[in-house]
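Visitor: I am new to this structure. Please take me through a single part of it, step by step.

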Amino acid sequence: MQRTISFTALVVLLLVSTALAQRINGRFVTSMYAWQRDDAVGVQNTYVLGYQTVQFDIYQKNISLHTYLQGFNDFGSLTSSGPEVRFYNLYLKASNVANALDLSIGRQSVYAGVGSGTIDGLHSRLQFSDGKVVLVGYAGAVPPLYQKAAVVKNIYKNFMVGGQFITSPFVGSRFGVSFTNRRIEQPSYFAIRRDSLNNALGTFITPDAYSDQLVGIDASYRASGSVSIYGRYEYDLNYKQIARWQIFSRVSITDELALTGEYIRRSPRIPFHSYFSIFPRNS
């Protein structure tokens, strides 16, 4: 783990020296914890876990590089596979291109209405009319398990795409429409199945990919700083049912006293084609 972190830090420093960055934000956090457990009668094991978190943001004019990674190692377990590195963020961003476009590429988090998650891909934000109209779009592969420093195979079966339209038609208002489509491939496996003659046969099973397809609408309004209202509606295109609807309001009676009210109703967020989708569930 120490070599991996040192190598990553060296790469970042080389990028800094070549880019002549004007501003650098860096943060290192080292943590470790241990516990002892009786795994069986007369069998006692000690576990020691160590983490090294590295976060770097490097800026040069309207270009920036953002990194957030974590080294992990299990020092106490005999079954440990050795040090691992998890990349949560690693992307390059161009801001305010032509005074209208923000564009980023790499591993990054997405928050756009019904679309939320991490992708290895492209994210764009385009604004018009002095920011009163905004278009957000994203597309990319879903990262592998444990945020490994790799790109998944079969991207056409492991992807996330979507977009959002945001507008502010008048002062204090905001209205958004969003869509997302995410698929995650399930591993294939062999299982025993019976044919039409009731003979047991080994069968290769290829499950359908997990799927999330949602559309959503959200709107908010704030009047003269004393009254604010927020509403949200989401519909699941796979299950053909309402996934969530919500309304929230706040009224300031005085500078020291305010009243809030909120109601949320939502269905369990279970991917389509998941094993758990066969069980009854209630909103």
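Guide: Here is a close look at one strand, its partners and one of its residues. The model is predicted, so local features need pLDDT of at least 70, side-chain atom pairs count only at pLDDT 80 or more, and totals for chains, interfaces and linings use all residues. Residues are numbered from 1 along each chain as its sequence is written, and side-chain values use heavy atoms, with hydrogens and water left out.

Start with β9, residues 173-184. Strands here are DSSP runs (E, at least two residues), numbered from the N terminus. Two strands pair if DSSP finds at least two bridges between them. β9 pairs with β8, residues 159-167, in the antiparallel sense. Nine bridges join these two. Gln164 stands opposite Ser178 of β9. Five residues lie between the strands of this hairpin, and Gly172 takes a positive phi near 85°.

Now turn to β12, residues 210-223. This strand runs antiparallel to β9, with 12 bridges between them. One bridge pairs Asn181 with Gln213 in β12.

Asp218 also sits in β12. Its relative accessibility is 8%. Asp218 counts as buried because buried means under 20% relative accessible area (1.4 Å probe, protein chains only). The side chains of Asp218 and Arg174 share a polar contact of 2.5 Å. Such a contact is a pair of N or O atoms within 3.5 Å; within protein, one must be able to donate a hydrogen and the other to accept it, and residues adjacent in sequence count only if both atoms are side-chain atoms. Leaving aside neighbours within four places in sequence, Asp218 has contacts (heavy atoms within 4.5 Å) that include Gln164, Phe175 and Tyr230.

Key: Helix = DSSP H or I, 4+ residues; strand = E, 2+ residues; numbered from the N terminus. Buried < 20%, exposed > 50% of the residue type's maximum accessible area, 1.4 Å probe, protein only.
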